[in-house]
Amino acid sequence: MSTLAMSTLAMSPLATTAFDGMLAVLIAWTAWQSVTSREVFRAVMLFVVFGLLLALAWLRLGAPDVALAEAAVGAGLTGVLFLESLGHLRRNKTVEPPETVAQSRLRRWAVGLPVVVAGGLLAMVALRLEPRVPGIAGLVVRHQGETGVSNPVTAVLLDFRSTDTLLEVVVLLLAVIATYGLVPHGPAHHGPRVRPPATPRPPRQPVLVWFVRRLAPLALLVGVYLWWVGSSAPGGAFQAAAVVAAVFALLRVSGMEAAPPPNARPMRLLMVAGSVAFVSQGLAMLAAGRVFLDLPETVAYGLIVSLEGVLAASLAACLIALVAGAPRPPRQSGERP
Amino acid sequence: MIDLLRDGLTIVLLLGGAFFFAAGTIGLLRFPDVYSRLHALTKADNVGLGLTVLAFLIQADSVMQGLKLVLVWALAVTASATIANLFANLAHRQGVREWRKPEDRP
């Protein structure tokens, strides 16, 4: 929301406090409900609601960039990934012996204890924070001109602290590699494997198809716009990639999966392209006698926008691969199709 | 004068929108089966959001801003209608019967 709209919608202090308080309570409540829910589907839905409320909280804190990322990646794509996993779990039901009371207790402690310790430490840190430290905001604003982009968040992510962003891009690529690594194949996996029964595809939903046909081009346009606008307003590669991946997820559930398959060679090359482009940009700076990833003022704008373009496409390919899950294991010879 | 009129109309429209959202929420919580709950939910999305958008539309500073508001409404309405259709379809395929008054039950 623009600052203009924010100011015209300015509420009285009492109303703002009441709204923020309600938001805080709802966030804590949905988080608790999501964790303690016995039904997995319910837990996933509550998690998505939790993510959307969290995005609203970021907006209230004046951080629309974080809000966008939280809504697109935190609530949207993570929710889709959870739902996909849930579908897999339901399709490939494995018969496991029920957990004993001791096992259940152990599991709870193993998860609960670190969470409580980490939460306690975070609370301690939060309580010790100096309320009015100037922070780095002034520093960023003073040097923003050297990056050529007018969005301070993008200046930080793609120039001042681009090492962090580089690592985030690599982490996503690693996630895809790990997912693909879960596919059992090769001589190491010769154990008896029970092939899950082929699930009949649900019939095509004409209304859904109608909707997705109209929404998909619009959403793709939003993705491109988010990349382009990132240099001057909230947006950027991650948000753009999340929107493009969401389009893919929509096409997938409506039975209109796009070619090429997410694990085809061109797509794999695209997945690697983001990390490669980022690292080579850094190395090019080294070769030019600068510090790794330190952009010269004259070309910073062009480099940032083009790198974000490559990153958006590459991250989208990675996210799509994650949504699509690991490719099916190759059929072993002698097995009937 | 015209500003006063416009603000008054906005308040009336917002109250109307809030009424439909509240009614939709109550319906979602209180209605007996999935079909009628969907009915309540889509009313909130459709009319509730429609009136809210209308309230903001007459306050819009530019045509662009107004168009964005209309786009938000159109996207929300088509998405809500599609999702309602999917849920109802799934329930129907799973054999969920529609609720009937006790005296009408066979």
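Start by selecting A:S162 in this predicted model: the residue sits in helix α8 of chain A, which covers residues 162-181. Colour by accessibility and A:S162 counts as buried, because its relative accessibility is 3%, under the 20% cut-off. To see what surrounds A:S162, show the side chains of A:V156, A:L157, A:F278 and A:L293; these are its contacts once neighbours within four places in sequence are set aside.

Now zoom out to the whole of chain A. You will count 12 helices and zero strands, so a cartoon view reads as α-α-α-α-α-α-α-α-α-α-α-α along the sequence. Of the 337 residues in chain A, 31% are buried, A:S162 being one of the buried residues. If you draw contacts between residues at least 6 apart in sequence, 73% of them join residues at least 24 apart. Switch on the surface too: the accessible area of chain A is about 21,400 Å², and carbon and sulfur atoms account for 71% of that.

Next, colour by domain. Chain A divides into domain 1 (13-92), domain 2 (101-132) and domain 3, which is made of 134-183 + 204-328. Where domain 1 and domain 3 of chain A meet, 10 residues from domain 1 and 13 residues from domain 3 take part in the contact. Place a marker at the C-alpha centre of each of these two domains, and the markers will be 23 Å apart.

Then move to helix α5 of chain A, residues 101-128. Put a distance label between its first and last C-alpha: the 28 residues of α5(A) reach 40 Å, close to the 40 Å expected at 1.5 Å a residue. Is this helix covered or bare? α5(A) is hardly covered, with one buried residue among its 28.

Stay on α5(A) and pick A:W109, which lies in this helix. A:W109 counts as exposed because its relative accessibility is 56%, over the 50% cut-off. Extend the selection to A:L113, A:V117, A:L121 and A:M124, and together with A:W109 you have a nonpolar patch on the surface, with about 530 Å² of accessible area in total. Why look at the spacing of such residues along a helix? An α-helix has 3.6 residues a turn, so residues three or four places apart point the same way.

For a last view, show both stops at once: A:S162, buried in helix α8, and A:W109, exposed in helix α5.

Terms used: Residues are numbered from 1 along each chain as its sequence is written. Chains are lettered from A and ligands numbered from 1 in the order in which they are written. This is a predicted model: local features need pLDDT of at least 70, side-chain atom pairs count only at pLDDT 80 or more; totals for chains, interfaces and linings use all residues. Side-chain values use heavy atoms; hydrogens and water are left out. Patches are made of residues with over 30% relative accessible area and no salt bridge: like charges are joined within 9 Å, nonpolar side chains (Val, Leu, Ile, Met, Phe, Trp, Tyr) within 5 Å. Accessible areas come from the Shrake-Rupley method with a 1.4 Å probe; for residues, only the protein chains shown count as cover. A salt bridge is a side-chain nitrogen of Lys or Arg within 4 Å of a carboxyl oxygen of Asp or Glu. Helices (H or I, at least four residues) and strands (E, at least two) are DSSP runs, numbered from the N terminus. Buried means under 20% relative accessible area, exposed over 50%, partly exposed in between (1.4 Å probe, protein chains only). Contact means heavy atoms within 4.5 Å. The expected span of a helix is 1.5 Å times one less than its number of residues. Domain bounds come from an automatic or database domain assignment.
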